[in-house]
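Me: Could you take a close look at the salt bridges in this protein for me? I would like to know which side chains pair up and what surrounds them.

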Amino acid sequence: MHPLRKLRESGSSTLGQVSTLLAENVVFNSPILVRPISGREAVAAIFAQSSSTRGSGRYTAEFKLDDRTTFLRWEGTIGDHKLESLEVIVDDEHGLIVERTIAMRPYPAVKLFRDAMHASLKDKLPPDVWDYPTP
């Protein structure tokens, strides 16, 4: 079981617990942000918040794609709406996460999740990660 999955399935994950799983130069690619986020502090804040924001659910699949790459599938809810995520996690030679890329569906539930994450993290992440610039 990947350490991030194990932490998330243990209950609420704190910022400190999440940080211990991340490489200093970790990169996070998310469908709710317009560009990747990098750096342990910012990515840990996102991961810790997302666990409580996304509601109930569980991981339904885990596959090792190679020695450092893990695929996870999660199914749950946000409010009363079904939310599903697929993710690819890449670890470094020390087992720390260096990259995590997530896809989510369906769009209406993703929008609810994004809006809740924005409300929680708008003061912790730069404004240019939430929306494209307007001309």
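Reply: Happy to help; here is a walk through the charged pairs, with their surroundings after that. Please keep in mind that this is a predicted model.

Let's start with the setting. The protein has four helices and six strands, and from the N terminus on they follow the order α-α-β-β-α-β-β-β-β-α. Side chains of opposite charge can pair when their charged atoms come close. A search of the whole structure turns up 11 salt bridges, and a few of them deserve a closer look.

Take Arg105 and Glu84, whose side chains meet in a salt bridge at 3.0 Å, N to O. Arg105 belongs to strand 6 and Glu84 to strand 5, so this pair links distant parts of the chain, 21 residues apart. How buried or exposed are the two partners? Arg105 counts as partly exposed because its relative accessibility is 43%, whereas Glu84, with a relative accessible area of 8%, is buried. The pair also has company: Arg73, Glu75, Glu84 and Arg105 are linked in a network of salt bridges.

Right after Arg105 comes a detail of the backbone. The peptide bond from Arg105 to Pro106 is cis, with omega near -15°. Most peptide bonds are trans. Pro106 itself sits in the loop between strand 6 and helix 4.

Next come Glu87 and Arg100, whose side chains form a salt bridge at 2.6 Å, N to O. Glu87 is in strand 5 and Arg100 in strand 6, so the bridge ties together parts that are 13 residues apart in sequence. Here both partners are covered: Glu87 is buried, with a relative accessible area of 1%, and Arg100 is buried too, at 2%. Both values fall under the 20% cut-off for buried residues.

A further pair involves helix 4. Arg114, which is placed in that helix, forms a salt bridge with Asp131, and their closest N and O atoms are 3.4 Å apart. Asp131 lies in the segment after helix 4, and the pair links distant parts of the chain, 17 residues apart. Arg114 is buried because its relative accessible area is 16%, while Asp131 is partly exposed at 49%.

What else does Arg114 touch? Leaving aside neighbours within four places in sequence, Arg114 is in contact with Ile32, Trp130 and Asp131. On the same terms, Trp130 has contacts that include Ile32, Leu33, Val34, Arg114 and Met117.

Trp130 leads us to the nonpolar interior. The largest nonpolar core has 32 residues, and those with the most contacts inside it are Leu22, Ile46, Phe47 and Trp130. Among the elements that give two or more residues to this core are strand 5, strand 6 and helix 4, the elements met above. Helix 3 supplies the largest share, six residues.

Finally, a step back to the whole protein. Of its 135 residues, 41% count as buried. A compact globule with 135 residues would have a radius of gyration near 14 Å, and the protein has 14 Å, which agrees. Its accessible surface comes to about 7500 Å², with 54% belonging to carbon and sulfur atoms. One nonpolar patch on that surface is formed by Phe63, Leu65 and Val88, with about 280 Å² of accessible area together. Leu65, in strand 3, is exposed, with a relative accessible area of 53%.

Notes
Residues numbered from 1 in each chain as written. Predicted model: local features only at pLDDT ≥ 70, side-chain atom pairs only at ≥ 80, totals over all residues. Heavy atoms only, no water. Patch = residues over 30% accessible without salt bridge, like charges linked within 9 Å, V, L, I, M, F, W, Y side chains within 5 Å. Areas by Shrake-Rupley, 256 points an atom, 1.4 Å probe, with all protein chains shown as cover. Salt bridge = Lys/Arg side-chain N within 4 Å of Asp/Glu carboxyl O. Buried < 20%, exposed > 50% of the residue type's maximum accessible area, 1.4 Å probe, protein only. Core = buried A, V, L, I, M, F, W, Y, C linked by side-chain atoms within 4.5 Å. Contact = heavy atoms within 4.5 Å. Rg over C-alpha atoms; globule rule 2.2 N^0.38 Å.
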